[in-house]
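Student: I would like to go through the empty spaces in this model. Could we begin with the terms?
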Amino acid sequence: MVTALDATSPIPIPRDALETPRGSFSHGEKGGMRGVTSPARSRPSRRPSPARERGPAPAPATFRRHARGWIGALLALLFVTQPARAEVEPGDLTLTVTPELNGNAAPFVREMVLLKIHGVYKQQILLEEVIQPTLANFSWSQLGRDRWSKTKLKDGQSAIAFDRVIAVFPHHAGDFTIEPFDHRLTINDNGDRRVVDVRSGPIALPVATWTKEGGGPDAKEPWWLPAKDVTITDSWSPDPETVKLGDTTRRIVTVEAQGMVAEGLPPRPVMRTRGILTFAGPVTRETLITPAGPVARATYQWDVKAGVPEIIPLDAIVIPWFDTVSRTMREAEIPARQIGGGLPDREGDLAPPLAAAPWVAAAAALAAFGLGLALIGFGTGAGALRLPRGTRAALRRAAGTGDAVGFRAVTLSAEPDLAQAWRADPDTAAGLAALDRALYAPAGPAKPDLKSLARRLSRPVRRPASGPGPADRLHPLDGPVDRSLDRPVRG
């Protein structure tokens, strides 16, 4: 009966098997061979031999038989403790790389393409390393960390999923091939550590040449900005319209572009106009990783100081960008503002009114009454027109919630002179016309940018110059008027 033992424990061997039989050879202390003579030729020993005290030594054949038995038991023990090796079946380890093309069209130069690396592994992973190709003719950046998760296959088996996202940016136009990616895995193959290379397939990636008029990736101006969407946020502290001569306000403009990294955003725009001193601040850039893809954000900062006492207009700054979804050029705008000459937009910027004496209030009322009579008698004259503060706040609320109907209703409450000034401005008139088409035209187009239109309508405008009244746009009900009948008859 053979008892299974641990492979690391010593195997007991009988002591008689360790003794050297007579007439055989044994190793000396220095490794040489020395002869052992027979008992007839050996010198008599005073001490009895230990072998004689225990009895006769086993014969050489008996020793060989015992040794073969113990060696066989040792081999059987090793065979039992050695696990059976299972081969990795096809489909147990798969790696795919899929390019995500914007609008399912060939990208242009410096347009971002996402490479989504996805691996599915049924074996237990001990170590892993992604070996990517050189990516010649491309710049690249890994977006976020690798993600490992558990997944279920179609046949119900459990597996491990590996995901990595890489953004690549082509340098030139042409037909390119992205070489395969290798995922070197150290797997647990039924107790054995085994290294396996899982390889993806090559990817054909053509890069288109810009053929449209103006702009493009090779033009020096304007800045080439391919993105899914671009939004601009403009904030001032304090409100620029409250700034007086010598005062300073800080302007912070934030540009966000979906579907690109921060390095692709344009440099800080130039803000120059007569009558102000500008001090450019630092530019911060960051890339936000979202489930829908990367979002690039750049923040530009200026300190603006008023150098003249009159109103200083700041023109809008237009940033053209390429819509990678519709494959068309579009424009984003840093809105126009003015420095000085206005009231604050926020209630908190208003100082609390001081209590006035009764005679002061009476004098103010009399002055207001006289001013009203003057306006009635002499007309409004030239000056600035603007929506009341409450109406401007209602416009911003409607724009923030996307309520186009409520937005248009608020604009209808403007006084006639202000509405006439809006119609005289081409950009404002175009924005209102686009809003009307979106609301009232059958299957009208998408509504315009309500936030930008609200900022435009909230700015003060100059009062239209007085002149002859506008011609009557309504035609007579009984047909055109024959003005020749009004002429006097000459004799």
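Tutor: Helices and strands here are DSSP runs, numbered from the N terminus. Please note that the model is predicted.

Student: What is the volume of the largest pocket?
Tutor: The largest pocket has a volume of about 1,400 Å³. Its lining comprises 40 residues, and those nearest the centre are Asp-449, Lys-451, Ser-452, Leu-453 and Arg-455.

Student: Which elements each supply at least two residues of that lining?
Tutor: Four strands do so, namely β14 (229-237), β15 (248-258), β20 (317-323) and β21 (328-334), together with the helices α5 (389-401), α8 (426-440) and α9 (450-458). The largest share, 8 residues, comes from β14.

Student: And how does the lining of the largest pocket divide by class?
Tutor: That lining has 19 charged, 13 nonpolar and 8 polar residues.

Student: Turning to cavities, how many of 30 Å³ or more are found?
Tutor: The search of the whole structure finds 2. The second largest cavity holds about 30 Å³ of space, and Gly-215, Gly-216, Pro-222, Trp-223, Trp-224 and Met-329 line it.

Student: Which classes occur in the lining of the second largest cavity?
Tutor: There are 4 nonpolar and 2 polar residues, and no charged ones.

Student: A change of topic: is Ile-125 buried or exposed?
Tutor: Ile-125 counts as buried because its relative accessibility is 18%, and the limit for buried is under 20%. This residue lies in strand β5 (residues 124-131).

Student: What is Ile-125 in contact with, leaving aside neighbours within four places in sequence?
Tutor: Ile-125 is then in contact with Trp-148, Ile-160, Leu-185, Thr-186 and Ile-187. Its C-alpha atom is 9.8 Å from that of Arg-194, a residue 69 residues apart from Ile-125 along the chain.

Terms used:
Residues are numbered from 1 along each chain as its sequence is written. This is a predicted model: local features need pLDDT of at least 70, side-chain atom pairs count only at pLDDT 80 or more; totals for chains, interfaces and linings use all residues. Side-chain values use heavy atoms; hydrogens and water are left out. On a 1 Å grid over the protein atoms alone, a cavity is a set of points where a 1.4 Å probe fits but cannot get out, and a pocket is an open set with protein on both sides within 12 Å along at least five of seven lines; lining residues have an atom within 4 Å of a point. Grid points are joined across faces, edges and corners, and a volume is the space filled by probe spheres set on the points. Ala, Val, Leu, Ile, Met, Phe, Trp, Tyr, Cys and Pro count as nonpolar, Asp, Glu, Lys and Arg as charged, and the others, Gly among them, as polar. Buried means under 20% relative accessible area, exposed over 50%, partly exposed in between (1.4 Å probe, protein chains only). Contact means heavy atoms within 4.5 Å.
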